[in-house]
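Let us walk through this model step by step. Start with the fold, then turn to packing and surface.

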Amino acid sequence: MSDNEITTKDTLDGSAAVNLAAEQSKRTAHRNIPGLGFEDFPLEDDTANLRQGPSLHDGLLALLPLVGVWQGTGQADDHGEQYSFGQQLVISHDGENYLRFESRIWRLDDEGGAAGADQREVGFWRISEKDEIEVTLTSSRGLVEVLYGQPVNERAWRIESASTIATETGPADHGPGRRLYGLMPNNNLGWVDERVVDGGLVPYMSAELERVAG
């Protein structure tokens, strides 16, 4: 999957996209991530369903289509090690001016079955009044990354590494890069992560995810 496939392939017009989203929401609108359930907890629970929980902060409207629970499969090429993976991505909010981002990835065998955990990633997305996106991410591999970017259009968002730090036991050869997230013509969420290797950007990971909640 390429940047071009996410941003330009068979682009839907606005009314077609709305109609498709409405049809798909019949299967997902009642689903959400579970709350903590602590009655004396003083803050709102996270929600990945815009119909449930606190209202989305007005400052996040440019990121609204990302909110939800997404699942699907993808491909990775980590310095020549190629493999298929499954992914669950939860993008949620608690009414404050940021999105919570949590990804869990597992490897797939040749038959498409789960073959064990691969990596996890958690972080936060923010966006300014000038549509400047700020993202902080922490990976279970021992990586901390800060990325900046902007919306490509109302259905796609591009971010690029400003700082990539590996811990002492993390992958020191994991270079900076860029990511593109975008809603595809079928309203699935596609994403591409490219990394700098020997001075040039090369594909690292990509996936296509279907909305399963929200």
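How far apart do the end C-alpha atoms of residues 60-211 lie, and how much of the span is helix and how much strand? In this predicted model, the two end C-alpha atoms are 19 Å apart. Strand makes up 68% of the span, and helix 0%. UniProt, in an unreviewed entry, gives residues 60-211 the feature "domain: THAP4-like heme-binding". That annotation may be inferred rather than shown by experiment.

Now take the chain as a whole. It has two helices and ten strands. Their order from the N terminus is simple to follow: α-α-β-β-β-β-β-β-β-β-β-β. The two helices come before the ten strands.

Next, the overall dimensions. Along the principal axes, the C-alpha atoms fill a box of roughly 45 × 45 × 40 Å. The radius of gyration is 17 Å. A compact globule of 214 residues would have a value near 17 Å, so the chain agrees with that expectation.

Packing can be read from burial and contacts. Of the 214 residues, 39% count as buried, meaning under 20% relative accessible area. Consider the contacts with a separation of 6 or more: 45% of these join residues 24 or more positions apart.

Last, the surface and the charges. The accessible surface comes to about 11,600 Å². Carbon and sulfur atoms account for 49% of that area. Which charges does the chain carry, and how are their centres placed? There are 18 positive and 36 negative side chains. The centres of the two sets lie 3 Å apart.

Definitions and conventions. Residues numbered from 1 in each chain as written. Predicted model: local features only at pLDDT ≥ 70, side-chain atom pairs only at ≥ 80, totals over all residues. Heavy atoms only, no water. Helix = DSSP H or I, 4+ residues; strand = E, 2+ residues; numbered from the N terminus. Rg over C-alpha atoms; globule rule 2.2 N^0.38 Å. Buried < 20%, exposed > 50% of the residue type's maximum accessible area, 1.4 Å probe, protein only. Contact = heavy atoms within 4.5 Å. Areas by Shrake-Rupley, 256 points an atom, 1.4 Å probe, with all protein chains shown as cover. Lys, Arg positive; Asp, Glu negative; His and termini not counted. Charge placed at Lys NZ, Arg CZ, Asp CG, Glu CD.
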